[in-house]
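Got your viewer open? Let's take a walk through this one together, one selection at a time.

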Amino acid sequence: SVVAPITTRSCCMVTPEAVGLLAKIIYWHDPMISGMLFATGLLLFLLAGVYDYSSITLIAYITLLNLLFRAAFYNGTAMLVDLNVLEKRTPLRFPEVFVTAEEVRAHAPTVAKAINTTLNAALRLVAGEASPLLLKWAAALYILALMSKALGTTGLLFLVFLCVFSIPKVYQLRKSKIDEALAVLINLGRQLFAQALAKGNKLSKKVSMTQATLKKQP
């Protein structure tokens, strides 16, 4: 077999191939691979949640074993090729340039727009501007705080892990029924959100009127 060379496209953080591979894993297209990854995740949460292993310790050991395995494979296969035990393979190429200046310039407008939009939203959020974004963040943080208090950090991450490996597949199998239930919940949520936003706007107007009245008083 031939070892594929390292290219600019294969080294990108997010590529269509990477997204497709992730989709195959969470949708259980290959039950063996998804099952092995799921079992590995369960083992890690067992060690961290039940046997009180430090998360940093587990990450360090996993990274160390990964590096040792890759080093042994890379150098061991080269040695076996030299001994004519394995067929000669195309060696890996390690390019010095992964992203060209032209590629950076081509994506600069999109990146700048994303940065400006993010910073604008962050500044509005930090300033406390009454907006749907503020209510969404407040609700999300409140729910996160309650869940973390009830489950703990490890328990919350374990719940997220289970959801990643179960919800996409369940949704794929029960799409029509879930869509109907979600439509009802979304409509209800929009109604509650609109009511909360209206109350927030009224309160903001009352505060503004009160401040204006106080300024007019001698």
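## Stop one: the aromatic cluster

Start by selecting Trp28, Phe38, Phe45, Phe158, Phe161 and Phe165, and show their side chains: together they make up one aromatic cluster. Keep in mind that you are looking at a predicted model. Across the structure there are eight aromatic pairs to hunt for.

Let's zoom in on one of them, Phe161 with Phe165. A quick tip before you do: a pair of aromatic rings is described by how far apart the centres are and by the angle between the planes. How are the rings of Phe161 and Phe165 arranged? They form a tilted pair, with 5.0 Å from centre to centre and 50 degrees between the planes.

Now turn on the cartoon for helix H5 and find the two residues again. Phe161 and Phe165 sit four residues apart in this helix, so about one helical turn separates them.

Are these two buried or exposed? Phe161 counts as buried because its relative accessibility is 14%, and the cut-off for buried is under 20%. Phe165 is buried too, with a relative accessible area of 11%.

## Stop two: along helix H5

Stay on helix H5, which covers residues 132-173, and select Trp137. Trp137 has a relative accessibility of 44%, so this residue counts as partly exposed.

Next, draw a distance line from the C-alpha atom of Trp137 to the C-alpha atom of Phe69. The two residues are 68 residues apart along the chain, and your line should span 43 Å.

## Stop three: zoom out

Time to select everything. Which elements do you count in the cartoon? The protein has six helices and zero strands, and its pattern along the sequence reads α-α-α-α-α-α. The radius of gyration is 26 Å, well over the 17 Å that the globule rule gives for 218 residues, so the protein is more spread out than a compact globule. Along the principal axes, the C-alpha atoms fill a box of roughly 95 × 45 × 40 Å.

Switch to a surface view. About 17,900 Å² is exposed, and carbon and sulfur atoms supply 70% of that area. Of the 218 residues, 6% are buried.

For a last look, colour by charge. There are 22 positive and 11 negative charges, and the mean positions of the two groups lie 18 Å apart.

Notes. Residues numbered from 1 in each chain as written. Predicted model: local features only at pLDDT ≥ 70, side-chain atom pairs only at ≥ 80, totals over all residues. Heavy atoms only, no water. Buried < 20%, exposed > 50% of the residue type's maximum accessible area, 1.4 Å probe, protein only. Rg over C-alpha atoms; globule rule 2.2 N^0.38 Å. Areas by Shrake-Rupley, 256 points an atom, 1.4 Å probe, with all protein chains shown as cover. Lys, Arg positive; Asp, Glu negative; His and termini not counted. Charge placed at Lys NZ, Arg CZ, Asp CG, Glu CD. Phe/Tyr/Trp six-rings, centres within 6.5 Å; stacked < 30°, edge-to-face > 60°.
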